[in-house]
Amino acid sequence: MASARGEFSSRFGFLMAASGSAVGLGNIWGFPTNTASNGGAAFLFTYLVLAFVLAYPALMAELIIGRHARSNAITALKSISTGPKSQLLAVIVGVAGMITVSFILSFYAIVSGWMIAFFIDPLARILGMSDLSLWLTSDTEIRNSLFVLIFMSLTVYIISAGVKDGIEKWASRLMPSLVGILLLLILYVFTLPGAMDGLRAYLVPDFSRFADPQLLINAMGQAFFSLSLGVGTMLVYGSYINKEENLPVVGSLVALLDIGIAVLAGLLILPAMYVALASGVEIFDEAGGLIAGPGLIVSVLPALFNSMGVIGVFVALAFFALMTIASLTSSISMLEVPVAYAVENRGMGRNKAAVLIGGVISCISLLIVFNFDPLFDLVAGFTTERSQPLLSLFICVFAAWIWSRDGVLAEIKHGSAEADQGLFWKIWPFYVKFICPLAILVVYFQ
Ligand code: TRP
């Protein structure tokens, strides 16, 4: 069994894969719109604090456990358990994480499918195929099903190629392109009238909102979703990190990349919305807030691109390429969780596991597509607001209360021999032991 376990071939490869997982629709869509509807920089500031003091320690817990055990989440949590009770908890948390991440992927794939459809749309328009263009941008069950299947096929394709030749290779190609496209789009949007109003909406804090508990809840949910925590994604990616690697350093680079790209995405989305406003597109909903839901991506921004003439075609292409890339490097990290388990603990071939599990998740996606109204919000809400933070709490409990302190330190020392003298070891154990679980509980029961 110890034979063909994958490993990332370099620090760069791991960073691209893990930041690829972290950077997704949550950053480019969720973060900017959350910021806009929660008092601008008041949210930005709260988010930055929570991401560093809560999400980063929880991320480290997953990376350390994963690299220590070099296995999927269930086996990993079992391996640091100390008795029958914690063994049982390990199985429950591991299995719950696997189920949760599969459901997250099932709704994520639907939205990602829209991104592919909107990416093809400008091409259809260049070619004068207006019927196709109308079909691609109309919200129909048949379009949604087709693009879910296309997106899931891409995900399965990459995952079946393995850790180095699939995940690492594609993340290393796609993530630099993502950053490049994002920067170009920001530069372009900044030249347009209205952009500065958007920048103001983004960066000027509404201080009265700091006291709002809803802001805190949203910021924490956003931070945990964005760093892909709780469900074993980062644990599994951690299990593919080389033993020589300095974990606190690579972990903080992943958090910095994730947070940095979210902040950058805010510099694109909010100015773009106010540019749309300046060219006559409605950007506020009935309640007077900024349109933040699907309407933003599938109607406000496309309306803006349409108003730009020929150049709008290229801007639309670039924007939806950006969204598709962000989705894909995240979805592969979700599928890897159950696939790693099936390969390691059920002795399945990687190819077969990817196709089979990807197939089951696609079926769930289709079920949601055809029963969109109750199911989509239900699945998205339950997995990301209920299940994910709670599971993350349990992983912190495993790292700080169940696993021995010496075991944790020994693992960190693999890549940094003087770790016990460093700042990380002075602060982190206390954080995962007390602050993270407590903060998660407080926000959870709000
Ligand atoms: N972090 C990704 C985003 O921001 C989504 C994601 C990838 C995720 N893997 C995950 C979310 C695991 C929760 C759990 O879009």
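1. Let's start with the contacts. Of the contacts in the protein chain with a separation of 6 or more, 82% are between residues 24 or more positions apart. Keep in mind while you look around that this is a predicted model.

2. Now the overall build. The protein chain has 18 helices and 0 strands. Its radius of gyration is 21 Å, close to the 22 Å that the globule rule gives for 446 residues, so the chain is as compact as a globular protein of that length. If you line the chain up along its principal axes, the C-alpha atoms fill a box of roughly 65 × 50 × 40 Å.

3. How much of the chain is buried? Buried residues account for 56% of the 446. As for the outside, the accessible surface comes to about 17600 Å², and carbon and sulfur atoms hold 69% of that.

4. Next, the empty space, beginning with the largest pocket. Rolling a probe the size of a water molecule over the atoms shows where such space is left. The largest pocket has a volume of about 1100 Å³. Its lining counts 33 residues, and those nearest the centre are Asn34, Gln222, Ala380, Thr384 and Glu385. Point your viewer at those five and you should find the spot.

5. Which elements give two or more residues to the lining of the largest pocket? They are α2 (25-37), α5 (84-126), α10 (213-226), α16 (372-402) and α18 (423-444). The largest share comes from α16, with 9 residues. Sorted by class, the lining has 17 nonpolar, 13 polar and 3 charged residues.

6. There are closed spaces too: the structure holds 3 cavities of 30 Å³ or more. The largest cavity has a volume of about 150 Å³. It is lined by 19 residues, and Ser21, Ile104, Phe225, Ser228 and Met334 are the closest to its centre. Two or more lining residues come from each of α1 (11-22), α2, α5, α10 and α14 (310-345). By class, you get 9 nonpolar and 10 polar residues there, and no charged ones.

7. The second largest cavity has a volume of about 50 Å³. Its lining consists of Leu185, Val189, Leu268, Ile269, Ala272, Leu301, Phe305, Val315 and Phe319. The elements giving two or more of these residues are α8 (163-190), α12 (247-278), α13 (294-306) and α14. Here α12 provides the largest share, 3 residues. What classes do you find in this lining? There are 9 nonpolar residues, with no polar and no charged ones.

8. Ser228 deserves a second look, as it has already turned up among the residues closest to the centre of the largest cavity. You'll find Ser228 in the loop between α10 and α11. Is Ser228 buried or exposed? It is buried, because its relative accessible area is 10% and the cut-off for buried is under 20%. Most residues other than glycine have a negative phi. Ser228, though, has a positive phi, near 55 degrees.

9. Gly232 is found in that loop between α10 and α11 (233-238) as well. With a relative accessible area of 1%, Gly232 is buried. Leaving aside residues up to four places away in sequence, Gly232 touches Glu62, Ala73 and Val337. For a sense of distance, Gly232 and Val156 are 76 residues apart in sequence and 18 Å apart in space, C-alpha to C-alpha.

10. Arg70 is another residue with a positive phi that is not a glycine, and here the value is about 45 degrees. Arg70 is placed in the loop between α3 (41-69) and α4 (73-79). Its relative accessibility is 21%, so Arg70 counts as partly exposed.

11. Last, have a look at Trp403, in the loop between α16 and α17 (405-413). Trp403 is buried, with a relative accessible area of 9%. What does Trp403 touch, not counting residues up to four places away in sequence? The list is Ile64, Ile65, His68, Ile80, Phe398, Val408 and Glu411. Asn38 is 365 residues from Trp403 along the chain, and the C-alpha atoms of the two are separated by 38 Å.

Technical notes
Residues are numbered from 1 along each chain as its sequence is written. This is a predicted model: local features need pLDDT of at least 70, side-chain atom pairs count only at pLDDT 80 or more; totals for chains, interfaces and linings use all residues. Side-chain values use heavy atoms; hydrogens and water are left out. On a 1 Å grid over the protein atoms alone, a cavity is a set of points where a 1.4 Å probe fits but cannot get out, and a pocket is an open set with protein on both sides within 12 Å along at least five of seven lines; lining residues have an atom within 4 Å of a point. Grid points are joined across faces, edges and corners, and a volume is the space filled by probe spheres set on the points. Helices (H or I, at least four residues) and strands (E, at least two) are DSSP runs, numbered from the N terminus. Ala, Val, Leu, Ile, Met, Phe, Trp, Tyr, Cys and Pro count as nonpolar, Asp, Glu, Lys and Arg as charged, and the others, Gly among them, as polar. The radius of gyration is taken over C-alpha atoms; the globule rule is 2.2 Å times the number of residues to the power 0.38. Buried means under 20% relative accessible area, exposed over 50%, partly exposed in between (1.4 Å probe, protein chains only). Contact means heavy atoms within 4.5 Å. Accessible areas come from the Shrake-Rupley method with a 1.4 Å probe; for residues, only the protein chains shown count as cover.
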